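Dear colleague,

Please find below the structure that I am handing over to you. A summary of the findings follows it.

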Amino acid sequence: MSNLERDPQELVSVQDRHPDGAAPAVEVLAPREVPLGGPRALLVRRTLPQRRRSLIGAWCFVDSYGPTPAPRHGTMDTPPHPHAGLQTVSWLYEGQIEHRDSTGAHQLIDPGAVNLMTAGRGIQHSEVSTTAAATLHGVQLWTALPDAARDARPFFEHHVADVVAVGDATLRVFVGSWLGVTSPVTAYTPLVAAELALPAGATVELPADAAFEYGLVVDHVPARLQGVDVPAHHLGVVAAGAEGLRVETPEGPLRVLLIGGAPLDEPIVMWWNFVGRSHDEIVAARDEWQRDVIADADRAGRFGHVDGYDGDPLPAPELPNVRLRPREQ
Ligand code: MN
């Protein structure tokens, strides 16, 4: 997935401050709709980053989309575009997406499996939905790489998540470890991500790591987290310190994502499809993409080349007229 906003803004976040000094049990963040671009743009709902919050652990981006009919190839059609300084983590509820990247990876992803792409210093990829399923419905998450891993060589992983039952609930752990299930995909800071399914009227209590911040990515059925209502399509955030997570489904069968992680504690600059540490790094990444791929199609550059995609790579948007400043959380 690419950030295809015409004019992506750099958001400078500050720690949430509450006038009475008391943090809420759950911070509820609303989505905003963003078109993924192209003549028949798929609308996605972005709940992270936003002005109030830029990170949950090292998770720095949450886009949800669908359910939407997928009657033709390319209902989602994201041409080759770059990433650096982050990982992309793709999870589907319904549908199928064909992934191609400049490491040579070519992978179909179906519900229940995770595609994790570590961009490191630079990669490019395309994502195109197929006609294998009638409906497209999923989430894309990004993690910000810690400074020690930002220059890693790019690589790609695919894994079918293991399922663990907790009472009436089922959990599919696709990043990190939870309830004795461990995903083998690579994380560079302590992280977890899982799909949680609950039957109507059920409640589940999950153990939490008190060092983690957590997010509940709610789909079209509202949820209740720690006793707080999280409306459809919103993101509920629990600050570090919780020893358990209580999820209820007041309205019907629930399917949500839970993400969590230790606070990154590094200031980051995030613009378009890049995570860096300074304005100059972001400018350099943009310049190299425009020079090596958009202008020259130089296969030896930092972002390599994607084979097999029918179409041109995405040019970068213009940089804003202000110097990007790091945001901290
Ligand atoms: Mn992408």
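**Overall fold and aromatic pairs**

Of the 329 residues of the protein chain, 57% count as buried. Please note that this is a predicted model. The secondary structure of the chain consists of one helix and 26 strands.

As to dimensions, the C-alpha atoms occupy a box of roughly 55 × 45 × 35 Å along the principal axes. The radius of gyration is 19 Å, which agrees with the value near 20 Å for a compact globule with 329 residues. Among contacts between residues at least 6 apart in sequence, 73% join residues at least 24 apart.

The surface exposed by the protein chain comes to about 13300 Å², of which carbon and sulfur atoms supply 48%. There are 26 positive and 42 negative side chains, and the centres of these two sets lie 4 Å apart.

Turning to the aromatic residues, a search of the whole structure finds eight aromatic pairs. One of them joins Trp-91 and Phe-174: the ring centres are 4.2 Å apart and the planes are at 15 degrees, so this pair is stacked. Trp-91 belongs to strand β6 (residues 86-94) and Phe-174 to strand β14 (residues 169-175), so that the pair links distant parts of the chain, 83 residues apart. Both Trp-91 and Phe-174 are buried.

Phe-212 and Tyr-214 form a tilted pair, with 5.9 Å from centre to centre and 45 degrees between the planes. Phe-212 is buried at a relative accessible area of 9%, and Tyr-214 counts as buried at 3%. Finally, ring pairs link Trp-271, Trp-272, Phe-274, Trp-289 and Phe-303 into a cluster.

Yours sincerely

Terms used: Residues numbered from 1 in each chain as written. Predicted model: local features only at pLDDT ≥ 70, side-chain atom pairs only at ≥ 80, totals over all residues. Heavy atoms only, no water. Phe/Tyr/Trp six-rings, centres within 6.5 Å; stacked < 30°, edge-to-face > 60°. Helix = DSSP H or I, 4+ residues; strand = E, 2+ residues; numbered from the N terminus. Buried < 20%, exposed > 50% of the residue type's maximum accessible area, 1.4 Å probe, protein only. Rg over C-alpha atoms; globule rule 2.2 N^0.38 Å. Contact = heavy atoms within 4.5 Å. Areas by Shrake-Rupley, 256 points an atom, 1.4 Å probe, with all protein chains shown as cover. Lys, Arg positive; Asp, Glu negative; His and termini not counted. Charge placed at Lys NZ, Arg CZ, Asp CG, Glu CD.
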